Structure formats: structure tokens, C-alpha cells
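Work through these short exercises with the model open beside you. Try each task before reading its solution.

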Amino acid sequence: MVSLRGNRYSVPPGMGGAQVVVRIRLGSDQVRIVTAAGATVALHHRALPTEPGR
């Protein structure tokens, strides 16, 4: 799982402990999780932030 702004997004099995990058394109409602090499491993709809002040 990847945490972002109070929400958690899943990654595929076997990715636990791997370094990934979370990308959100400005104006998009999608969260893209990619490997260091740039391969997309997960795509989610962005949830509203649950942390105060965000």
C-alpha cells in the first residue's frame, strides 16, 4: 500500500518494500503508481484528502 494525503492506494502483490513514485497529473482524478524505471504498476481514482488542511 502507498499512503498519500491520508488515503492508501494498493500496489500489485510482490511490490511490498519496492520504491515507487506516485504521479498525479494536474487536473486529473487519477493516481498513477510507477516503478523507478517508469513502468505503471497501478492506476486508481484519486480519493479526497482525509488529512486536515489538505
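The exercises below go from the overall fold to single residues; the model is a predicted one.

**Exercise 1. Overall build**

Describe the protein by its secondary structure, its extent and its surface.

*Solution.*
- Step 1. Count the elements. The protein has five strands and zero helices. Along the sequence the pattern reads β-β-β-β-β.
- Step 2. Take the extent. The C-alpha trace spans about 30 × 20 × 15 Å along its principal axes.
- Step 3. Look at burial. Of the 54 residues, 19% count as buried.
- Step 4. Turn to the surface. The accessible surface is about 4,100 Å², and carbon and sulfur atoms hold 51% of that area.
- Step 5. Check the contacts along the chain. Among contacts with a separation of 6 or more, 28% join residues 24 or more positions apart.

**Exercise 2. The sheet**

Work out the strand order of the open sheet, and explain why one side of strand 3 and of strand 5 is left without a neighbour.

*Solution.*
- Step 1. Pair strand 3 (residues 20-23) with strand 4 (residues 30-35). They run antiparallel and are joined by four bridges.
- Step 2. Pair strand 4 with strand 5 (residues 40-45). This pairing is also antiparallel, with five bridges.
- Step 3. Put the pairs together. The order is 3-4-5, an open sheet of three strands.
- Step 4. Find the edges. Strand 3 and strand 5 each have a single partner strand, so each has one side without a neighbour in the sheet.
- Step 5. Add the twist. Neighbouring strands of this sheet are turned by 20 degrees against each other on average, direction ignored.

**Exercise 3. The hairpins**

Which glycine takes a positive phi in the hairpin of strand 3 and strand 4, and which in the hairpin of strand 4 and strand 5?

*Solution.*
- Step 1. Between strand 3 and strand 4 lie six residues. Gly27 has the positive phi here, near 85 degrees.
- Step 2. Between strand 4 and strand 5 lie four residues. Here Gly38 has a positive phi near 95 degrees.

**Exercise 4. Ile33**

Trace the bridge partners of Ile33, then place this residue in the nonpolar core.

*Solution.*
- Step 1. Look towards strand 3. Ile33 is the bridge partner of Val22.
- Step 2. Look towards strand 5. The bridge partner of Ile33 there is Ala42. For Val31, the partner in strand 5 is His44.
- Step 3. List the largest nonpolar core. Its seven residues are Val2, Tyr9, Val11, Met15, Val31, Ile33 and Ala42.
- Step 4. Check contacts beyond four places in sequence. Ile33 touches, among others, Val2, Tyr9, Val11 and Ala42.
- Step 5. Set this against the general rule. In soluble globular proteins, nonpolar side chains tend to be buried together.

**Exercise 5. Asn7**

Is Asn7 buried or exposed, and which backbone oxygen does its side chain reach?

*Solution.*
- Step 1. Locate the residue. Asn7 lies in strand 2 (residues 7-9).
- Step 2. Apply the cut-off. Buried means under 20% relative accessible area. Asn7 has 12%, so Asn7 is buried.
- Step 3. Follow the side chain. The side chain of Asn7 reaches the backbone oxygen of Leu48 at 2.8 Å.
- Step 4. Add the surroundings. Beyond four places in sequence, Asn7 touches Val2, Ala47, Leu48, Pro49 and Thr50.

Conventions:
Residues are numbered from 1 along each chain as its sequence is written. This is a predicted model: local features need pLDDT of at least 70, side-chain atom pairs count only at pLDDT 80 or more; totals for chains, interfaces and linings use all residues. Side-chain values use heavy atoms; hydrogens and water are left out. Two strands pair if DSSP finds at least two bridges between them. Helices (H or I, at least four residues) and strands (E, at least two) are DSSP runs, numbered from the N terminus. A nonpolar core is a set of buried Ala, Val, Leu, Ile, Met, Phe, Trp, Tyr and Cys residues joined through side-chain atoms within 4.5 Å. Buried means under 20% relative accessible area, exposed over 50%, partly exposed in between (1.4 Å probe, protein chains only). Contact means heavy atoms within 4.5 Å. Accessible areas come from the Shrake-Rupley method with a 1.4 Å probe; for residues, only the protein chains shown count as cover. Axes are lines fitted to C-alpha atoms, for helices over the stretch in contact, and angles run from 0 to 180 degrees between N-to-C directions. A polar contact is a pair of N or O atoms within 3.5 Å; within protein, one must be able to donate a hydrogen and the other to accept it, and residues adjacent in sequence count only if both atoms are side-chain atoms.
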